Amino acid sequence: MNMSAKAVGQRSEASVIIDRDKCIGCDICVQVCPMGILALDKDGKAYMKYDECWYCTPCQTDCPVDAVRVNLPYLVR
Ligand code: SF4
Ligand code: SF4
């Protein structure tokens, strides 16, 4: 799926949405995030630890199972 066009149509409070059913806990998104806002929970699933997202999207593009969706705001410049 193409990221921005569809993502902006959906409203959500979270800037990064992780599909826990898809996540295999590989830790890649945690490592690529320059802000260090992602972490693995006790079940080994990624989650957003801090809400400081820069919308740079490597977490989404590098996830091997397409479990991360960055909820791009309308006015990213
Ligand atoms: S979009 Fe960037 S800042 Fe936001 S969670 Fe992903 S890697 Fe981190
Ligand atoms: S990159 Fe994807 S599969 Fe790996 S921990 Fe992050 S969300 Fe889970």
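Start by selecting ligand 2 and whatever surrounds it. By class, its shell splits into 11 nonpolar residues, 1 polar and 1 charged. Keep in mind as you click around that this is a predicted model. There are 13 residues around ligand 2, and Cys23, Cys26, Cys29, Ala46 and Cys63 come nearest. Show those five as sticks and leave them on.

Next stop: ligand 1. Here 14 residues make up the surroundings. Cys33, Cys53, Trp54, Cys56 and Cys59 are the closest, so to speak the ones to label. As for class, you'll find 13 nonpolar residues and 1 polar one, with no charged residue in this shell.

Now for the core. Which residues touch the most other members of the largest nonpolar core? Pick out Val16, Ile18, Cys29, Cys59 and Val68; the core has 13 residues in total. Then colour strand E1 (16–18) and strand E4 (68–70), the elements that give two or more residues to this core. Two of the names should ring a bell: Cys29 was among the nearest to ligand 2, and Cys59 was among the closest to ligand 1.

Stay with Val68 for a moment and bring up its contacts. Leaving aside residues up to four places away in sequence, Val68 touches Val16, Ile18, Cys29, Cys59, Gln60 and Cys63. You've already met Cys63 beside ligand 2.

From Val68, hop over to Arg20. The two are 48 residues apart along the chain, yet their C-alpha atoms are separated by 9.1 Å. Arg20 sits in the loop between E1 and helix H2 (28–32). Is Arg20 buried or exposed? It's exposed, because 12 other C-beta atoms lie within 10 Å and the cut-off for exposed is 12 or fewer.

Last, a look at some backbone angles. Go to Tyr55, in the loop between strand E3 (46–48) and helix H3 (58–62). Its phi is near 60°, a positive value in a residue other than glycine. Tyr55 has 13 other C-beta atoms within 10 Å, so Tyr55 counts as partly exposed.

Then move along to Asp66, in the loop between H3 and E4. What is phi here? Near 60°, again a positive value in a residue that isn't glycine. With 11 C-beta neighbours inside 10 Å, Asp66 counts as exposed.

Key: Residues are numbered from 1 along each chain as its sequence is written. Chains are lettered from A and ligands numbered from 1 in the order in which they are written. This is a predicted model: local features need pLDDT of at least 70, side-chain atom pairs count only at pLDDT 80 or more; totals for chains, interfaces and linings use all residues. A nonpolar core is a set of buried Ala, Val, Leu, Ile, Met, Phe, Trp, Tyr and Cys residues joined through C-beta atoms within 7 Å. A residue is buried if 20 or more other C-beta atoms lie within 10 Å of its own, exposed if 12 or fewer, and partly exposed in between; C-beta atoms are placed from the backbone. Helices (H or I, at least four residues) and strands (E, at least two) are DSSP runs, numbered from the N terminus. Two residues are in contact if their C-beta atoms, placed from the backbone, lie within 7 Å. A residue is near a molecule or strand if its C-beta atom, placed from the backbone, lies within 6 Å of it. Ala, Val, Leu, Ile, Met, Phe, Trp, Tyr, Cys and Pro count as nonpolar, Asp, Glu, Lys and Arg as charged, and the others, Gly among them, as polar.
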